[in-house]
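I opened this notebook page to keep track of what I looked up, one topic per entry. The structure comes first and my notes follow.

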Amino acid sequence: MACQSQADHYVAVQSVDELQEALAYARGHRLAVHILGGGSNLVFADKVAGLVIHLHLLGKEVLGSQEADHCLVKVAAGEDWHRFVRWTLQQGLRGLENLSLIPGTVGAAPIQNIGAYGVEVESCIHRVEAFHQADGTQHSFAKSDCVFGYRDSIFKRQGNPWIITAVIFQFFQHTPLTPEYAELNKRWLSLGAPDDPLVISELVCQIRQEKLPDPKDVPNSGSFFKNPLVSNADYRRLKQLYPKLVAYPAGQQWKLAAGWLIQETGWKGNMHNGVGMYEKQALVLVNPGKKSGSEVLKYAQLVKASVKEKFGVLLEQEPVVIR
Ligand code: EPU
C-alpha cells in the first residue's frame, strides 16, 4: 500500500544472480533484508531499516505440450499477476480466471494463497521455487510442502527464510468453470452461461471494479483483515444475538464475514485523518491521504478494538508490516 516511508537501502534485481549478490551485500553489511514484489500486501513503517530488494525477475516458459490433457507453465516471481492471468486465458489455459485483476506479482500469489470468487491459487499450483535467504540454497517445493490454507502458506509464517523466485502452474484442459459466487453467477447466467473462462474473467473484472478501489487511484492493500474463523458454539451465540450475521460453514468451524462485522461497528466509509474503511467494501482499508504506515496501523487497531468489544471476535490483519 502506498504510504509515506523511507528505506535505508534499496535495490531492484533482474536475475537470481543479482538477487544472490544483493543478499551477499546485506550479509556483509549486516543489513536486514526485506523482499518487495508488487508491494500491494505490505504496510511499510515510517522508516525501514536494512535493504529492500525489489524482485524484477521476469519470464514465462511452457514446460509441457498444450496438446496433452494438462500443461505446466513456469513463471518468474516478478511477473505482474493480472497480466499473467490474461496471458493464460489467451493461451486457452483454464483455472485462474476467477483470480483476475488481483494486484501484485506472481511470486506473491502463493505466499498468502490468494483467493477470490470461490477459487484459491493453490488449485493451479504445481511447485514453488525458492531461494534460502541465509545460506543461498535453492529449493523446489511440491504443492503439499507449501501447506496452503485460507490466506496462508508456509511462506507466510513468522521468520520465513524463503524468497520465491518462480512458480510452476499446472493447467488441465477440462477444468470446469467456478461461477458459484452469487453476483458472478447472476451475470454469467444472464449471458447464457457460456463455457468460456474469458467471460468469467471479464465479469470478475467488472465486479472488482465496481466494488473495490484500484490501488493505482486510491492506495489500499485489498482486504485488510482475514475473515475470522470461529467455533460452532461462538457462531451460534453470535447468530442468536445478531440474526443478520453473515457466516459460512468452514469444516468444523464457521467463517464470519469480517466486512459485515466492521460495517456493523460503524467503520464503513468512516475516514479518520485520511485513512478509512472503504465505503463500498468495509474489509478494505483505504489510505487516500497517503498517511504513514504507523497511522494506518493505528486506525486498524481502532477498528479491531471495536469489533472485539462488540462481537468478542479478534480480527487478524492480512498485510505484512515491514519495519
Ligand atoms: N459484507 C458486508 N459489508 C461489507 C462487505 C461485506 O455486509 O462492507 C458481507 C456481505 O454480506 C457480503 C459478504 O460480507 O455478501 C462477503 O463479502 P464479499 O463477497 O465482498 O467477500 P469478503 O468475504 O468480504 C473475500 C476476500 C476478497 C475477495 C472476496 C470475493 C478475504 C479476506 N477477502 O472478501 O479478497 O475478493 O471474498 O471472493 O477473504 C483481497 O484479498 O484483497 C480481497 C478483496
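Entry 1, charges. Before counting I fixed the convention: Lys and Arg count as positive and Asp and Glu as negative, while His and the chain ends are not counted. I also noted that the model I am reading is a predicted one. On that convention the protein chain carries 33 positive and 32 negative charges, and I found their mean positions to be 8 Å apart.

Entry 2, the chain as a whole. I looked up the secondary structure and found 7 helices and 19 strands. I then checked the radius of gyration, which is 20 Å for the protein chain and agrees with the value near 20 Å that a compact globule of 323 residues would have. The C-alpha trace spans about 55 × 50 × 35 Å along its principal axes. For burial I noted that 47% of the 323 residues count as buried, and for the surface that the accessible area comes to about 15,500 Å², with 51% of it belonging to carbon and sulfur atoms. Taking contacts between residues at least 6 apart in sequence, I read that 63% join residues at least 24 apart.

Entry 3, helix α2 and what lies over it. How many of the 10 residues of helix α2 are buried? I found that 8 of them are, so that I entered the helix, residues 81–90, as mostly covered. The buried ones are Trp81, His82, Phe84, Val85, Arg86, Trp87, Thr88 and Leu89, and I noted that Arg86 is on this list along with the two tryptophans. When I asked what covers them, the answer included the strands β5 (60–62), β6 (70–76) and β11 (162–172), as well as helix α4 (197–211).

I followed those strands further. β5 and β6 run antiparallel and are joined by 3 bridges, with valine 62 having valine 73 of β6 as its bridge partner. β6 in turn is joined to β11 by 7 bridges, again in the antiparallel sense, and there alanine 76 stands opposite alanine 166 of β11.

Entry 4, strands β13 to β15. I turned next to β15 (residues 253–256), which pairs with β13 (residues 229–230) in the antiparallel sense over 2 bridges; valine 230 stands opposite tryptophan 254 of β15 in this pairing. β15 is also joined by 4 bridges to β14 (residues 247–250), and these two strands run antiparallel as well. I looked up two of the partners: alanine 247 is bridged to leucine 256 in β15, and alanine 250 to glutamine 253 in β15. The hairpin of β14 and β15 has 2 residues between its strands, and in it glycine 251 takes a positive phi near 65 degrees.

Entry 5, an open sheet. I found 4 strands that form an open sheet in the order β12-β18-β17-β16, with antiparallel pairing. β12 (220–223) and β16 (271–272) stand at the edges with a single partner strand each, so one side of each is left without a neighbour in the sheet. For β12 I checked that partner: 2 bridges join it to β18 (residues 284–286) in the antiparallel sense, and asparagine 220 has valine 286 of β18 as its bridge partner.

Entry 6, positive phi outside glycine. I kept in mind that most residues other than glycine have a negative phi. Tyrosine 117 has a positive phi of about 50 degrees although it is not a glycine, and it is found in the loop between β7 (115–116) and β8 (119–120). Is tyrosine 117 buried or exposed? With a relative accessible area of 10%, tyrosine 117 is buried, because the cut-off for burial is under 20%.

Lysine 290 likewise has a positive phi of about 50 degrees without being a glycine, and I located it in the loop between β18 and α7. At 45% relative accessibility, lysine 290 counts as partly exposed.

Entry 7, glutamate 309. I ended in helix α7 (residues 293–311), where glutamate 309 lies. Its relative accessibility is 72%, and therefore I entered glutamate 309 as exposed. I also looked up its separation from glutamate 21: the two are 288 residues apart in sequence and 49 Å apart in space, C-alpha to C-alpha.

Conventions: Residues are numbered from 1 along each chain as its sequence is written. This is a predicted model: local features need pLDDT of at least 70, side-chain atom pairs count only at pLDDT 80 or more; totals for chains, interfaces and linings use all residues. Side-chain values use heavy atoms; hydrogens and water are left out. The radius of gyration is taken over C-alpha atoms; the globule rule is 2.2 Å times the number of residues to the power 0.38. Buried means under 20% relative accessible area, exposed over 50%, partly exposed in between (1.4 Å probe, protein chains only). Contact means heavy atoms within 4.5 Å. Accessible areas come from the Shrake-Rupley method with a 1.4 Å probe; for residues, only the protein chains shown count as cover. The place of a charge is taken as NZ of Lys, CZ of Arg, CG of Asp or CD of Glu. Two strands pair if DSSP finds at least two bridges between them.
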